[in-house]
Amino acid sequence: MYTTIRVHLKPNNKQKTKLELYSNAAKFIYNWTLEKQLKHYAETKRFLKNGDLRKELTVLKRTEEFKWLQDVDNNVPKQAIKDCCEVFLNYYNGNIAKPKFKNSNSKKSFYQDPLKLKITESYIKVAKFAKNTKANKQKLNWIRLGEKVNVPKDTPLCNPRIIYDGKYWYFTVSFLQESLVNAKQNNKGIGIDLGVKNLAICSDGVTYSNINKSGTVCKLKDKIKHTQRKIQRKYFINNKNQPFTKGRKLHKTSNISKLDKYLKDLYKRLYNIRVNYLHQATANIIKNNPKFIVLEDISIKGIIKNNKYSKYILEQNWHKFRWYIEYKCLKNNIQFILADKWFPSTKKCIKCGNIKEFIHIKERDYICYSCGNIIDRDIQASLNLEEYGEKQLTLVNKNIPIR
Ligand SMILES: [Zn+2]
């Protein structure tokens, strides 16, 4: 399977300027290509080829106005053209909507040539940061990594890029990695029921609580609300004399920009807490080496519609939970089973198999009227899912195709 790593970079000030220059060049060339493509498309209903555009780029670099592009490594604009051409080809084939131009709010990123790229344990080398080829000037090319990484040297690297998330620079790369072979695998599987009250209820008796109810997150949410109101108030005071007309431009003071930045940081911290928790929870489940893991195939789009709990469901990031479990199973050679959408995991009695027609969301305990079984509804759902997984596995072993 392909593994992607993302490592925090620690560039110095000179390197930061260079990183800005590179990402701006990539953005500029992307927009330049898109403009050419759209113009050509409007005139002839065809698209320009990658190679022709690259030839035009060489001419452009020689002009006085765009001389600054010569300071950038050749691969950065080359890949920007390729990226844009790919997007445009998709548009040409009718797969996507009309592509948009990148602006100052778009994500900053640029490509690196995997053949030129060098990665050591704690440094990466970016091409052509230093103009001078003398050994003591070459230091500028080496950016320090925030943590130690182990990238295998014999496997080919795929799509190495340097990206900026608004605060820090990161380096990402993918490469092929073989799955680990588990010697000590349990002979029991785990069924996982996802919920609103708790994030996940496992059939082995472990529950992972909802991180959004914890004190840290609640405080952070309050802070966000407070800052949002502060910004709103400042906007109102600054633009009091402006009449309310459509399309009026609000005056943004430097204090508002400062608060905006602060708000962005708060949002990022909230996101990081949530993602970190999901990683911890999924890693904990995988650590027990179960035989298989069963999750319910939930269509989140369908649930969110007309549901008063939709906000709380979205906060939980179920799709990310499923994604993490899926790839971690693949990595550790654990069977991953997705239960059928119509499998009645909550409505089915674990003891007698009786299926109730309706259960209200406020009914926390499941009471079976045919056998008298009383059990917590979430635990029962996870047990039902585990049973489902066991059945599916025996069907696979007997070579009976699953419908
Ligand atoms: Zn029953």
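# Briefing: an open mixed sheet and its packed helices

Gly 191 stands opposite Val 294 in strand 11. The model is predicted, and this pair belongs to strand 8 (residues 190-194) and strand 11 (residues 292-296), which run parallel and share three bridges. Both strands are part of an open sheet of five strands with mixed pairing, arranged in the order 10-9-8-11-12. The points below treat the sheet, strand 8, the helices on the sheet, the packing of helices 2 and 3, and single residues with positive phi.

**The five-stranded sheet**

- Strand 10 (207-209) and strand 12 (335-339) each have a single partner strand and stand at the edges, so one side of each has no neighbour in the sheet.
- On average, and with direction ignored, neighbouring strands of this sheet are turned by 20° against each other.
- Between strand 8 and strand 11, Ile 190 has Ile 293 as its bridge partner.

**Helices packed on the sheet**

- Helix 8 (residues 318-331) packs on the sheet and touches strand 8, strand 9 (198-202), strand 11 and strand 12. The direction of helix 8 makes about 160° with that of strand 11.
- Helix 9 (residues 377-397) also packs on the sheet, with strand 8, strand 9, strand 11 and strand 12 as the strands it touches. The direction of helix 9 makes about 135° with that of strand 8.
- Trp 323 is a residue of helix 8. Trp 323 counts as partly exposed because 13 C-beta neighbours lie inside 10 Å.

**Strand 8 and its antiparallel partner**

- Strand 8 is largely enclosed by the rest of the structure, because five of its five residues are buried.
- The burial extends to both faces of strand 8: Ile 190, Ile 192 and Leu 194 lie on one side, with Gly 191 and Asp 193 on the other.
- The pairing of strand 8 with strand 9 is antiparallel and comprises three bridges. Within this pairing, Ile 192 stands opposite Cys 202 of strand 9.
- The connection from strand 8 to strand 9 is a hairpin of three residues.

**Packing of helix 2 and helix 3**

- Two packed helices are described by the angle between their axes and the distance between the axes.
- For helix 2 (residues 50-62) and helix 3 (residues 75-92), the angle is about 145° and the axes are 10 Å apart. Their crossing is right-handed.
- Helix 2 contributes Asn 50, Leu 53, Arg 54 and Leu 57 to the contact, while helix 3 contributes Pro 77, Lys 78, Ile 81, Lys 82 and Cys 85.
- By class, the residues of this contact comprise five nonpolar, one polar and three charged.

**Helix 3 and helix 1**

- The 18 residues of helix 3 should span 26 Å at 1.5 Å a residue, which agrees with the 25 Å between its end C-alpha atoms.
- Buried in helix 3 are Val 76, Pro 77, Ala 80, Ile 81, Cys 84, Cys 85 and Phe 88. The cover over these buried residues includes helix 1 (13-44), helix 2 and strand 2 (108-111).
- Helix 1 has 32 residues, and its first and last C-alpha atoms are 47 Å apart, close to the 46 Å expected at 1.5 Å a residue.
- Lys 82, one of the helix 3 residues in the contact with helix 2, lies 241 residues from Trp 323 in sequence and 29 Å from Trp 323 in space, C-alpha to C-alpha.

**Residues with positive phi**

- Gly 94 follows helix 3 and has a positive phi, near 80°.
- Lys 45 follows helix 1, and its phi is also positive, near 65°.
- Asn 317 has phi near 55°, a positive value in a residue other than glycine. Asn 317 is placed in the loop between helix 7 (310-316) and helix 8. Asn 317 counts as buried because it has 20 C-beta neighbours inside 10 Å.
- Asn 333, likewise a residue other than glycine with positive phi, has a value near 60°. The loop between helix 8 and strand 12 holds Asn 333. Asn 333 is partly exposed, with 13 other C-beta atoms within 10 Å.

Technical notes. Residues numbered from 1 in each chain as written. Predicted model: local features only at pLDDT ≥ 70, side-chain atom pairs only at ≥ 80, totals over all residues. Pairing = 2+ DSSP bridges. Helix = DSSP H or I, 4+ residues; strand = E, 2+ residues; numbered from the N terminus. Axes fitted to C-alpha atoms, helices over the stretch in contact; angles between N-to-C directions. Contact = placed C-beta atoms within 7 Å. Left-handed = near helix turned anticlockwise from the far one by under 90°. Nonpolar A, V, L, I, M, F, W, Y, C, P; charged D, E, K, R; others polar. Expected span 1.5 Å × (residues − 1). Buried ≥ 20, exposed ≤ 12 C-beta atoms within 10 Å, placed from the backbone.
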